[in-house]
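Reader: I've got the model open and I'd like to know what the labels on it rest on. Can we go through them?

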Amino acid sequence: MMRRTSRVLNQHPVSHARARPSLFYSLGVSYAAKTSPPFEHTPSTAGLAGRPSRAGRWVDGMLRLRAGRGDLRSGGEGGWGDEAEMARAVRKWGAGEDFFAVLQAGAYTHLAVSDGVGGWAPQYDPSLYSQSLMYHYHAYVASSPSAAPWAALEAAYAAVERDGDVEAGSATAVGVSLDDTGKGRAVNLGDSGFSILRKDALVYSTSAQTHYFNCPYQLAKIPEAMAKANPNTDRPAHGERLEFDLEPGDIVILYTDGLADNLPQAHLGPLASAVTRLLTSEANAHLAPAERAAERARVLADVLVGYARAGMARTGTEDGGTGWKTPFELEARRHGVGFKGGKIDDITVVTAVVSERM
């Protein structure tokens, strides 16, 4: 089945009397493995990290990018305090079975996240599939920056099928491309997703694609011996395709289901507003516009990871049972499943803040 491409957030007609200013994107990255504090204290499997292959070196490069793990502290400069210490903590605990890809190449910015399906453990390392999928996705858009995300996902899926580093596994995926005119394209398969904020208000979010409760669409590589008993018919073409238009000040947020299952979408706007108020306060008046956009992307990604991890710790009995419920608890109830509270999981968030190039 080939899905049609849907348009969201169409802009009003723009006068062509003068050229529209070029746009650029400030990026933020934050991730935390489910096996990291405060839930467990077991560093996640390395996957491809540390291997002397091209993919291994690429994974190492992504893990060296400036990133948080949802551990902002009011007493530390920038919320991190000792940034070298933060980098060591991020690298130690890793992204678990999630992974991501970011690329800025000329007029194009590419973002993607993937959630490896944990059910393959312990026989197979679930992180290998998501890391390999993101490596091949990145390689495709690096060689063809104008490529559509759905084309990149098709190419990445086919490459993982040929990749000897991955014996078996499966993963969800979302990929987004943004250009310097504000045109965006996206593909989403499974229960990872992306949202768009405008003036710190939620204006668009993807919907999860699932076969049944807690079973998302997923791309898979299944060993021949398991294929008959475990057929998988999901393909990149089954992903939802979208096109949209962005404006200066908009925020694009990509995330795995560690966020979607534990933080209501209605909380995104208020959290973004809190970050905006912080960065426009007198204490941050010294920031230039580009610096403020960079901090907005960085801090928001970390705030979302931190709040979603707090959601994972919820029991469903807060405020005598009348407190807000996690999306996972509400979805479980809808399917007649008696689950309460948060779902402990890996989480990855990538943000892009839109600015005009002066």
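Author: Sure, starting with burial: buried means under 20% relative accessible area, exposed means over 50%, and partly exposed lies in between (1.4 Å probe, protein chains only). Keep in mind that this is a predicted model, where local features need pLDDT of at least 70, side-chain atom pairs count only at pLDDT 80 or more, and totals for chains, interfaces and linings use all residues. Residues are numbered from 1 along each chain as its sequence is written, and side-chain values use heavy atoms, with hydrogens and water left out.

Reader: Why is Arg-314 called buried?

Author: Its relative accessible area is 16%, and buried means under 20%, so the label fits. Its partner Glu-318 comes out at 21%, so Glu-318 is partly exposed.

Reader: What makes Glu-318 and Arg-314 a salt bridge?

Author: A salt bridge needs a side-chain nitrogen of Lys or Arg within 4 Å of a carboxyl oxygen of Asp or Glu. The closest N and O atoms of Glu-318 and Arg-314 are 3.8 Å apart, so the pair passes.

Reader: How do you know that Lys-343 and Asp-261 make a salt bridge?

Author: Their N to O distance is 3.7 Å, so that pair passes the cut-off too. Lys-343 and Asp-261 are both buried, and they sit 82 residues apart in the chain.

Reader: What about Glu-83 and Arg-66?

Author: There the closest N and O atoms are 2.5 Å apart. Glu-83, at 37%, is partly exposed, and so is Arg-66, at 48%.

Reader: How many salt bridges does the structure hold?

Author: It holds 17.

Methods. Helices (H or I, at least four residues) and strands (E, at least two) are DSSP runs, numbered from the N terminus.
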